[in-house]
Amino acid sequence: MSMIKEIHVPDIGDFKGVDVVEVLVAVGDVIEVETPLIMIETDKASMEVPSPLTGVVREIKIKPGDKVSEGDPILYLEVAETVTAPEPVSTAGPAAPPVPALGSQTREVRVPDIGDFKDVPVIEILVAPGDHVDIDTPLIVLESDKANMDVPSPFSGTVQSIERKIGDKVSQGDLILLLLSAEVDVVAKPQLPDTLSAIALGPRSPKPATAPPQPPVKAPPPPAVPPLPPGQGKVHASPSIRRFARELGVDLTRVVTGSGPKGRIVKEDVQSFVKQVMSGTFKPASLTGEGGSGSLPAGYMGIPPIPPVDFAKFGAVEMQPLSRIKKLSGANLHRAWLNVPHVTHHDEADITEVDAFRQSLAKEAEQRGVRVTMLSFLLKASAAALKTWPNFNASLDATGENLVLKKYCHIGVAVDTPDGLVVPVIRDVDQKNIFALSAELGELSAKARNKKLGPGEMQGACFTISSLGGIGGVAFTPIVNAPEVAILGATRAQIKPVWNGKEFTPRLLLPLSLSYDHRVIDGAQAARFSVTLTRLLSDIRRLLL
């Protein structure tokens with residue numbers, strides 16, 4: 001049989017309010033006598049607090065940064081009932097959980113089979129320590145993306161400790177709570193139907209020789225936890241090295257490996273790490289969490305991957321590989337979306353007059369062998385707006401602390417092709433007239449659709465325009481083509497009634513969607529840029545000013 005013991009801070013001399021600099025164990029760890037539990041730091045030295053008992057860590061009461069004094073609780077340890085604890089009992093600390101009575105047994109209750117769901121959030125805990133529960137009493141409520149489900153108790157007993165809190169994510173086999181059950185109640189309920197089919201039960205200690213034999217209840221193995229990559233596990237370093245690292249501001253978990261015995265980090269390792277960081281040669285592990293070489297397993301840090309789904313079990317499917325353009329652009333867009341804080345400003349431009357002027361140029365454009373579209377005017381107006389608001393014609397440098405203002409005006413135009421979007425760049429837009437822009441736009445669009453664009457024709461843009469006018473739509477959120485800081489989206493123009501002060505008149509309005517990098521551009525600047533652009537489009541004569 002077993003009991004829960006509270007481990008306290010031992011006599012540490014005259015020190016009070018000592019800083020906890022590291023917790024050296026975790027819940028579920030099996031520790032021996034003298035195993036270091038925490039590291040505390042006084043103004044004179046760092047010291048480890050060892051365990052006075054052998055057992056299993058059930059709950060940790062402190063965290064790094066806490067201040068402790070003699071008698072403060074450190075953790076709860078599950079130990080054999082025959083073991084006595086030599087540590088002093090604090091009168092100020094919380095009362096230890098009750099010791100199990102003779103003839104009782106502490107058992108684990110784990111998450112049962114919940115189908116294909118993993119990392120399901122706990123949205124409610126229905127019991128508390130000390131509560132008596134019967135078989136089928138609901139313990140916690142889980143919420144999947146399809147339904148809520150109660151996890152019932154497989155047998156009766158008294159709740160000893162709860163190992164989960166609201167917001168935790170659990171999967172099959174994860175520990176929920178410890179239940180103190182009388183021996184007459186130890187037999188688990190029969191296997192449940194459907195998804196809640198098997199609750200993992202397991203005795204925490206061998207049964208006394210005099211106890212009647214109990215049918216064995218097999219506990220499923222805990223979920224396999226992928227090993228952490230180098231630099232993410234426990235740190236092996238002496239107190240003096242830890243102090244030295246703190247003085248330099250070094251996180252020892254980022255030091256890939258130690259050169260001392262058994263991988264222990266020594267002073268030279270810390271100094272080498274600092275030199276690598278200062279010289280820019282340090283390469284941290286991938287933080288994407290998306291798998292692949294050098295990436296961290298999902299659940300540790302970074303962005304968790306989307307779980308794979310076998311769609312074939314729902315019906316017939318066909319596998320179609322992505323085109324090369326979509327693979328390349330997808331990676332670029334993903335990188336931009338993750339690194340750029342996007343905001344989109346929506347507006348409408350009255351293009352009634354400019355569209356009438358465009359149509360009046362049709363005969364002359366035909367003679368020149370070009371086709372003048374609204375996109376040509378959008379290019380010209382955007383170039384003028386970029387000159388008025390130079391922060392939009394800029395990029396952040398590699399440090400993210402300086403803005404590179406560009407004295408040229410190259411604008412990319414997203415072109416729809418059978419293989420995906422490509423973005424050829426029209427250079428020096430501010431120096432070209434409408435006919436020149438229309439001719440170059442037609443030429444580059446034809447090259448894009450025929451896969452004839454050269455690499456140089458898709459580089460160097462300061463700003464991008466993505467127009468869906470020929471397809472439709474009301475508004476959308478274009479993704480900033482980093483390292484640019486803004487992109488303009490345009491959808492189909494529509495005739496709408498507009499109040500002119502006396503009456504409603506039909507006007508041709510063009511919806512505009514301006515996405516921008518909020519690190520460089522704030523909402524007020526975006527609104528001013530949009531106002532400038534819509535004024536230029538409403539009265540094209542302003543381009544001459």
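# Exercises on burial, surface and salt bridges

Thr-534 has its place in helix 8, residues 523-538, where helices (H or I, at least four residues) and strands (E, at least two) are DSSP runs numbered from the N terminus. The structure is a predicted model, in which local features need pLDDT of at least 70 and side-chain atom pairs pLDDT 80 or more, while totals for chains, interfaces and linings use all residues. Residues are numbered from 1 along each chain as its sequence is written, and side-chain values use heavy atoms, with hydrogens and water left out.

## Exercise 1: the surroundings of Thr-534

Determine whether Thr-534 is buried or exposed, and find which residues it is in contact with beyond its neighbours within four places in sequence.

Solution.
1. The relative accessibility of Thr-534 is 10%, so this residue counts as buried; buried means under 20% relative accessible area, exposed over 50%, and partly exposed in between (1.4 Å probe, protein chains only).
2. A polar atom of the Thr-534 side chain lies 2.9 Å from the backbone oxygen of Val-531.
3. Once the neighbours within four places are set aside, Asp-347, Glu-348, Ala-349 and Leu-512 are in contact with Thr-534, contact meaning heavy atoms within 4.5 Å.

## Exercise 2: salt bridges between distant parts of the chain

State how many salt bridges the structure holds, and then locate the partners of the salt bridges that Glu-348, Arg-507 and Glu-108 form.

Solution.
1. The total is 18 salt bridges, each being a side-chain nitrogen of Lys or Arg within 4 Å of a carboxyl oxygen of Asp or Glu.
2. Glu-348, already met as a contact of Thr-534, is bridged to Lys-496, with 2.7 Å between the closest N and O atoms. Distant parts of the chain are linked by this pair, since Glu-348 belongs to strand 17 (residues 342-350) and Lys-496 to strand 26 (residues 494-499), 148 residues apart. Glu-348 is partly exposed at 34% relative accessible area, and Lys-496 is partly exposed at 30%.
3. Arg-507 pairs with Asp-350, and here the closest N and O atoms are 2.8 Å apart. Arg-507 sits in strand 27 (residues 504-517) and Asp-350 in strand 17, which places the linked parts 157 residues apart. Both Arg-507 and Asp-350 are buried.
4. Glu-108 is bridged to Arg-58, the closest N and O atoms being 3.5 Å apart. Glu-108 lies in strand 9 (residues 104-110) and Arg-58 in strand 6 (residues 55-60), so this pair ties together parts that are 50 residues apart in sequence. Glu-108 counts as buried at 7% relative accessibility, and Arg-58 counts as buried at 5%.
5. The last pair can be placed in a wider setting, for Arg-58, Glu-78, Glu-108 and Arg-110 are linked in a network of salt bridges.

## Exercise 3: two cysteines

Decide how many disulfides there are by the rule that a disulfide is a pair of cysteine sulfur atoms within 2.5 Å, and examine Cys-409 in that light.

Solution.
1. The rule gives a count of zero disulfides.
2. For Cys-409, which is in no disulfide, the nearest cysteine sulfur is that of Cys-462, 5.9 Å away.
3. Cys-462 is likewise in no disulfide, and its nearest cysteine sulfur is that of Cys-409, at 5.9 Å.
4. Cys-409 counts as buried with 4% relative accessibility, and Cys-462 is buried with a relative accessible area of 0%.

## Exercise 4: a surface patch and helix 3

Find which residues form a nonpolar patch on the surface together with Val-317, and where Val-317 is found; then establish how many residues separate Arg-324 from Asp-419 in sequence.

Solution.
1. The patch consists of Val-309, Phe-311, Phe-314 and Val-317, with about 450 Å² of accessible area together. Nonpolar side chains (Val, Leu, Ile, Met, Phe, Trp, Tyr) are joined within 5 Å into such a patch if their residues have over 30% relative accessible area and no salt bridge, and accessible areas come from the Shrake-Rupley method with a 1.4 Å probe.
2. Val-317 is found in the loop between helix 2 (267-279) and helix 3 (324-339), and is exposed, with a relative accessible area of 55%.
3. Arg-324 lies in helix 3 and is exposed, at 64% relative accessible area.
4. Arg-324 and Asp-419 are 95 residues apart in sequence, while their C-alpha atoms are 7.8 Å apart in space.

## Exercise 5: the chain as a whole

State how many helices and strands the protein chain has, and what share of its residues is buried.

Solution.
1. The protein chain has eight helices and 27 strands.
2. Of its 545 residues, 40% are buried.
3. The accessible surface comes to about 30,300 Å², and 56% of it belongs to carbon and sulfur atoms.
4. Among contacts with a separation of 6 or more, 62% are between residues 24 or more positions apart.

Notes
Disulfide = S-S within 2.5 Å. Patch = residues over 30% accessible without salt bridge, like charges linked within 9 Å, V, L, I, M, F, W, Y side chains within 5 Å. Polar contact = N/O pair within 3.5 Å; in protein donor to acceptor, adjacent residues only side chain to side chain.
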